Amino acid sequence: MTLPAPARAEYDEFRVDFAAWLDEHGADLEPLRTLPEDIHEQHRTQSRVQRLLFDHGWLRRGWPEEVGGLGGSKVVRGALAEALTERGYEYPFAMGMIEVLGSAMVKFAEPELGAEMFPRFLAGEEYWAQGFSEPEAGSDLGSLRTRAVDQGDHWRLTGQKIWTTWGQFAQRGVVLARTGEQAQGFAGITALFIDMDSPGVDVRTLRAMNGTDEFCEMFFDDVIVPKSRTMGAVGGGAKFTMAVLESERGVFAWQRQTWLLRRLSDLLAEPGIDERAAGRIGEVYATLYGLRLRARDTFRRVVAGELIGPQSSVDKMLLSTAEKGVFDVAFELLADDTLLGDGSVNRAWRSDYLYARASSIYGGTAEIQRNILAERILGLPRER
Ligand SMILES: Cc1cc2nc3c(=O)[nH]c(=O)nc-3n(C[C@H](O)[C@H](O)[C@H](O)COP(=O)(O)OP(=O)(O)OC[C@H]3O[C@@H](n4cnc5c(N)ncnc54)[C@H](O)[C@@H]3O)c2cc1C
């Protein structure tokens, strides 16, 4: 499938205009080239640059005017991450979550809520956390136990979430809660938008194996959530979750492959990497390029307004294979430095290698993606 002509023209024009802007504002974006190692500093740096991209309109392109965007085709949202990484910058981390949670808000929340809240997320004034997983409910979200009890004009929320990426920085959370009976499974789940500074919200950081406080636990103790913060229909959590997960498995993959290509080119520039490594690097490049083609097709379908559906599990499988592949090969070729070196470049390879282990877990595990492929695409018998 090719891009419709108007979207293609907008993409080309965006690329030219943004390249010219980058030529002029390169110095302002320099902090994105090598991010600070401290996660708080990283968050501050990325939010600052995000604000700059918002103020100059780049981040607002491709989002509806009703939620603070400038309208136009979604294709420019994909072009932005690509253009930044091609110049050697990281794209602000929140851009991934904006695709994942922001798109769902635009689709499901009351228009007034989207108009009030979404621009703050887009501008980097706020970060939103994804409160889906629980200690006993990760792959099987239908069994989650966080409960929201109907109190007339508000919900009373009680329960616990876990593995919440950047929860410590979040001003808002998008939380899945049970509003029906446990036996209803997914049919009794509703998505809520909460203020993280509400009384009864407690956030505790968790250290990931690369040494960063990447994620959090969130505890809710009788938290009052106004009914106007319900996202989509009561009991409509399944639809909401599918939309979020499809973006996470599909659109997110497009952004991430731009970064992986950049990291592979960083590897080529490392001293001692020569033609002897060509075979291994070539293998990884082929997988990464497969991901790129696949993710491009998914992004085109998003641009054309099509539903992504279970096909995005193919993207997610390719993403985890490519992400592990890039850092496995880096680890093999730079083994001593990566294991023992204490320079910031060594630490970055080490951290990325360890983080890559999570790529077959976040956004749905590899086993779950294989189940989806088997059952929903190949039509094999369902597991249960
Ligand atoms: C880096 C990172 C960031 C994350 N960020 C967030 C976040 O911001 N918000 C959030 O809500 N969650 C987040 N998560 C959590 C993530 O979504 C869950 O870890 C994931 O869905 C798996 O759930 P689980 O950890 O409970 O494992 P489980 O579901 O308990 O799975 C354990 C193992 O059993 C396998 N398994 C489970 N069910 C089946 C089955 N039916 N068939 C075959 N195998 C099966 C799994 O594949 C896995 O290997 C993050 C995770 C990581 C690693």
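**Ligand shell and domain organisation**

By class, the shell around the ligand comprises eight nonpolar, eight polar and two charged residues; here Ala, Val, Leu, Ile, Met, Phe, Trp, Tyr, Cys and Pro count as nonpolar, Asp, Glu, Lys and Arg as charged, and the others, Gly among them, as polar. The model is predicted, so local features need pLDDT of at least 70 and side-chain atom pairs count only at pLDDT 80 or more, whereas totals for chains, interfaces and linings use all residues. Residues are numbered from 1 along each chain as its sequence is written, and side-chain values use heavy atoms, with hydrogens and water left out.

Of the 18 residues around the ligand, those that come nearest are Gln130, Ser139, Trp163, Thr365 and Glu367; a residue is near a molecule or strand if one of its heavy atoms lies within 4 Å of it. Polar contacts are pairs of N or O atoms within 3.5 Å; within protein, one must be able to donate a hydrogen and the other to accept it, and residues adjacent in sequence count only if both atoms are side-chain atoms. A polar backbone atom of Gln130 lies 2.6 Å from a nitrogen atom of the ligand. For Phe132, a polar backbone atom is 2.9 Å from a ligand oxygen atom, and for Trp163 a polar backbone atom is 2.9 Å from a ligand nitrogen atom. The ligand exposes 970 Å² when taken alone, and the protein buries 70% of that (Shrake-Rupley method, 1.4 Å probe; for residues, only the protein chains shown count as cover). Two or more residues of the shell are given by each of the elements β3 (154-165) and α12 (366-377); helices (H or I, at least four residues) and strands (E, at least two) are DSSP runs, numbered from the N terminus. The ligand lies between domain 2 (128-236) and domain 3 (250-377), because both give residues to its shell; the bounds come from an automatic or database domain assignment.

Trp163, in strand β3, has a positive phi of about 60 degrees although it is not a glycine. Asp222, in strand β7 (residues 215-226), is likewise not a glycine and has a positive phi of about 55 degrees. Most residues other than glycine have a negative phi.

The protein has twelve helices and eight strands. Its C-alpha trace spans about 65 × 45 × 40 Å along the principal axes. The radius of gyration is 21 Å, which agrees with the value near 21 Å for a compact globule of 384 residues (taken over C-alpha atoms; the globule rule is 2.2 Å times the number of residues to the power 0.38).

Three domain features come from an unreviewed UniProt entry; positions are in the numbering used here, feature names are shortened, and annotations may be inferred rather than shown by experiment. "Acyl-CoA dehydrogenase/oxidase N-terminal" is placed at residues 35-125, a span that is 62% helix and 0% strand, with end C-alpha atoms 19 Å apart. "Acyl-CoA oxidase/dehydrogenase middle" is placed at residues 129-223, where the chain is 0% helix and 51% strand and the end C-alpha atoms lie 16 Å apart. "Acyl-CoA dehydrogenase/oxidase C-terminal" covers residues 278-378, which are 78% helix and 0% strand, with 35 Å between the end C-alpha atoms.
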